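Take a walk through this protein with the model open beside you. We will look at charged pairs, then at nonpolar cores, then at aromatic rings.

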Amino acid sequence: MAKARLGVLISGRGSNMAALLYAARVSDCPYEIALVAANDPDAPGLMLAAAEGIATFGQSHKGMKRAEFDAIIDRELRAAGCTHVALAGYMRLLSPEFVEGWANRMVNIHPSLLPLYKGLHTHERAIEAGDSHGGCSVHLVTAELDDGPVLGQARVAILPGESTDSLAARVLIAEHQLYPRVVADWIRSGTKSTLDEVRDRALALPEAREKTSHGSQGFHVEGGKFFAYFTVNHHGDGMTALLVKASGVEEQAMLIERDPDLYFRPAYLGPSGWIGIRLDQGEVDWTLVEDWLNRSWRMAAPKRLTKLMDLADQF
Ligand code: GRF
């Protein structure tokens with residue numbers, strides 16, 4: 001299966017970014033780092049990423065409106081074909097538009113055991129409170145600061161007489177273990193569940209079968225033609241999508257014009273009238289997906305089966 005493409009946003013040192021980067025070098029890692037971007041062109045992490053052959057982007061946010069700056073970062077992430085985003089010490093509040101655009105596809109690492117100690121000075125606050133443990137959390141990013149669903153945590157004991165710096169240093173070791181692991185599990189489960197949703201619907205159609213075709217999951221009528229393909233980052237296009245057969249290139253062009261965020265002309269199958277439907281733009285309209293699977297199945301199925309379906313539709 002093609003790897004997810006992770007964009008990492010940093011503001012400084014970038015040690016968590018480095019942990020993600022080196023984890024991605026292990027062959028079974030489900031993601032690769034597609035871009036490291038920073039809101040400070042001199043962020044040390046950018047230099048490290050560039051030295052490791054990763055694409056980088058650095059621009060200061062100073063003097064710009066939040067939404068305006070975020071739109072630039074968003075454009076860079078999409079141009080690099082990113083499918084997911086990891087915030088790693090990115091010291092910027094994000095605009096609602098940006099968060100919405102990456103809903104369910106953006107995570108953050110925070111140096112506390114959330115929901116405890118959102119915001120800054122987490123270690124200091126844990127020590128002052130007399131907690132037995134500090135730690136770190138990876139969570140999905142939502143509009144509220146450090147508030148999205150927690151995907152994973154690691155606890156770190158607070159030693160007697162512990163200083164903020166010594167605790168921070170140990171929590172950072174835990175962060176470097178936690179972040180790559182949680183991101184990998186999250187990406188694996190996300191890809192699987194969208195495919196499962198498609199599979200359930202495709203295989204519910206009469207005589208539908210599943211077969212891998214050119215690295216994508218394909219669905220065909222037994223002994224006959226394909227009616228759908230599920231693709232993830234096909235040839236590095238950065239998209240998770242369903243490909244189905246439209247009535248022809250005219251309908252294809254019309255659909256894309258009407259809703260360019262949802263529909264696209266797929267490579268290879270485009271000229272024969274197939275249409276791509278994106279499944280990575282937030283909430284998926286599964287009723288629409290079902291309708292398309294039905295239509296496409298009808299075009300691929302032999303008459304004997306479609307006649308039966310027509311009969312069934314009359315009741
Ligand atoms: C980490 O402690 C992380 O939890 C917090 O910012 C710090 C970033 O450190 N969000 P680094 O740049 O990854 O070294």
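Is Arg 5 buried or exposed? Arg 5 has a relative accessible area of 18%. Buried means under 20%, so Arg 5 counts as buried. Keep in mind that the model is predicted.

Now look for a partner. Side chains of opposite charge can pair when their charged atoms come close. Arg 5 meets Glu 32 in a salt bridge, with 3.4 Å from N to O. Arg 5 belongs to strand S1 (residues 4-10) and Glu 32 to strand S2 (residues 31-38), so this bridge ties together parts that are 27 residues apart in sequence. Glu 32 is partly exposed, at a relative accessible area of 30%.

This bridge is one of 15 in the structure. Turn to another of them. The side chains of Arg 25 and Glu 52 form a salt bridge at 3.0 Å, N to O. Arg 25 sits in the loop between helix H1 (15-23) and S2, while Glu 52 sits in the loop between helix H2 (44-51) and strand S3 (56-58), so here too the pair ties together parts that are 27 residues apart in sequence. Both ends are partly exposed: Arg 25 has a relative accessible area of 48%, and Glu 52 has 26%.

Next, move to helix H6 (residues 164-202), where Glu 197 and Arg 201 both lie. They are four residues apart, about one turn of the helix. Their side chains form a salt bridge, and the closest N and O atoms are 2.9 Å apart. Glu 197 is partly exposed, with a relative accessible area of 32%. Elsewhere, salt bridges with shared partners join Asp 196, Arg 199 and Glu 210 into one network.

Leave the charges and turn to the nonpolar residues. The largest nonpolar core has 39 residues. Which of them touch the most other members? They are Val 8, Leu 20, Tyr 31, Ile 33, Val 36, Tyr 179 and Val 183. Several elements give two or more residues to this core, including S1, S2, strand S5 (106-110) and strand S7 (150-157). H6 supplies the largest share, ten residues. Zoom in on Val 36. Leaving aside residues up to four places away in sequence, its contacts include Val 8, Met 17, Leu 46 and Phe 57. Apart from this core lies another one, of 28 residues. Leu 205, Leu 255, Tyr 263 and Trp 292 are among its members.

Aromatic rings come last. A pair of aromatic rings is described by the distance of the centres and the angle of the planes. How many aromatic pairs are there? The count is three. In one pair, the ring centres of Tyr 229 and Trp 274 are 5.3 Å apart and the planes meet at 50°, so the pair is tilted. Tyr 229 lies in strand S10 (residues 226-232) and Trp 274 in strand S13 (residues 274-278), so the rings tie together parts that are 45 residues apart in sequence. Tyr 229 is buried at 13% relative accessibility, and Trp 274 is buried at 6%. Together with Phe 226, these two form one aromatic cluster.

In another pair, the rings of Tyr 263 and Trp 292 have centres 6.3 Å apart and planes at 70°, so the pair is edge-to-face. Tyr 263 is in strand S12 (residues 263-264) and Trp 292 in helix H8 (residues 286-300), so the link spans parts that are 29 residues apart in sequence. Both residues are buried.

One stop remains. Arg 78 lies over the face of Trp 102, at 4.2 Å from the ring centre.

Definitions and conventions
Residues are numbered from 1 along each chain as its sequence is written. This is a predicted model: local features need pLDDT of at least 70, side-chain atom pairs count only at pLDDT 80 or more; totals for chains, interfaces and linings use all residues. Side-chain values use heavy atoms; hydrogens and water are left out. A salt bridge is a side-chain nitrogen of Lys or Arg within 4 Å of a carboxyl oxygen of Asp or Glu. Buried means under 20% relative accessible area, exposed over 50%, partly exposed in between (1.4 Å probe, protein chains only). A nonpolar core is a set of buried Ala, Val, Leu, Ile, Met, Phe, Trp, Tyr and Cys residues joined through side-chain atoms within 4.5 Å. Contact means heavy atoms within 4.5 Å. Rings of Phe, Tyr and Trp (its six-membered ring) pair if their centres lie within 6.5 Å; planes under 30 degrees apart count as stacked, over 60 as edge-to-face and the rest as tilted. A charge sits over a ring if NZ of Lys or CZ of Arg is within 6 Å of the ring centre and within 35 degrees of the ring normal.
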